[in-house]
Amino acid sequence: MKNQADSLRLLVQSMKEDLEAQIDGQEKHTKVITIASGKGGVGKSSFAVNLSLALSEFRQKVILLDADLGLANIDVILGISPPYNLSQVIRGEKSVSEVIYNGPKGIKIIPGGTGMYELANLQEWQLVNFLTKLSHLDGTADFFIIDASAGLSKSVLSFALAADEIIIVTTGEPTALTDAYGMIKTIRQQRYNGRVKLVVNRIIDAAEGVAVYKKLEIAVNRFLKYSLDYLGPIREDPKVGQAINEQSPLVLTYPHAPASQDILTIAASMSKQEYHPNPHNGLKGFFSRVAEYFR
């Protein structure tokens, strides 16, 4: 696994250098971030989509790769129908640049495929070949966001170990925390040198988010001898489910919803910019809330 991880890191580094070299000679950093979760159903893909859009609000160029191979659903969350997806790339019928879809707010999307056995069971050489093709992308980006599958499959570990940073999404449920710990343990065993950051989803308030983080941080510190970073909380918000049902991104449809504000705060931190959540008071706020209620 170490040799495979090293080769993947080299490929992603090559991809970054190609992207950076295309920015009119100006040196610019392209950060590769894999978003993962130990347990499914914790809101990982929704977070990946809305984080990408939130980063674009801070003038960041984003490429979003739907790497939930075989069970991709970013297109469903966004309510889009890309004509091509990764299956054509894997078969050699299309290049990566030919399947890139222009999403809302200027983000570039590399769609995955759904219900395809071949994507869910890629051989190691196919995965390495795919990452090689990514290194030839035409265009530039500040962030390359990878939405990986839940769990600990070989493809998830490959995408995670190749990234500059890994964001693990969890909830406060004991099963989700146990699986998040298991993922961090496996990543550490593979000698990952990047940073692992935590996002705690579906909490009541910021204090609960910190409490969940501390619980996991103590275990990681004690048993894995590693320091886990805390990226932030996302509050429980009925607008999240409503936006998914409407196939319309949360941060665009309900920008003043608590969960949107939390994701925008995280995006501001990642892009090193200031953001002050909108208190949404006064008459303007009143009419805006009424409008969102009736959507």
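Trainee: How do you know that the reach of H9, from its first C-alpha to its last, is close to what is expected?

Mentor: H9 has 16 residues and reaches 22 Å, against an expected 22 Å at 1.5 Å a residue. The expected span is 1.5 Å times one less than the number of residues. Helices (H or I, at least four residues) and strands (E, at least two) are DSSP runs, numbered from the N terminus. Keep in mind that this is a predicted model, where local features need pLDDT of at least 70, side-chain atom pairs count only at pLDDT 80 or more, and totals for chains, interfaces and linings use all residues. Residues are numbered from 1 along each chain as its sequence is written, and side-chain values use heavy atoms, leaving out hydrogens and water.

Trainee: Why is Asp179 called partly exposed?

Mentor: Its relative accessible area is 32%. Buried means under 20%, exposed over 50%, and partly exposed in between (1.4 Å probe, protein chains only), so Asp179 belongs in the middle class. Asp179 sits in H9, which covers residues 174-189.

Trainee: What does Asp179 touch, not counting residues up to four places away in sequence?

Mentor: Gly38 and Lys39. A contact means heavy atoms within 4.5 Å.

Trainee: Which residues of H9 are buried?

Mentor: They are Ala176, Leu177, Ala180, Met183, Ile184, Thr186 and Ile187. Among the elements that cover them are strand E1 (31-36), strand E6 (165-170) and helix H10.

Trainee: How do you know that H9 and H10 come within 11 Å?

Mentor: That value is taken between their axes, which cross at roughly 35°. Axes are lines fitted to C-alpha atoms, for helices over the stretch in contact, and angles run from 0 to 180 degrees between N-to-C directions. Leu177, Ala180 and Tyr181 of H9 are among the contact residues, as are Val212, Leu216 and Phe223 of H10.

Trainee: What makes up the contact of H9 with H10: nonpolar, polar or charged residues?

Mentor: It divides into 10 nonpolar, no polar and 3 charged. Here Ala, Val, Leu, Ile, Met, Phe, Trp, Tyr, Cys and Pro count as nonpolar, Asp, Glu, Lys and Arg as charged, and the others, Gly among them, as polar.

Trainee: Which residues touch the most other members of the largest nonpolar core?

Mentor: In that core of 39 residues, they are Ile35, Phe47, Leu51, Ile167 and Met270. A nonpolar core is a set of buried Ala, Val, Leu, Ile, Met, Phe, Trp, Tyr and Cys residues joined through side-chain atoms within 4.5 Å. Ile167 touches Ile35, Phe47, Leu51 and Met270, among others.
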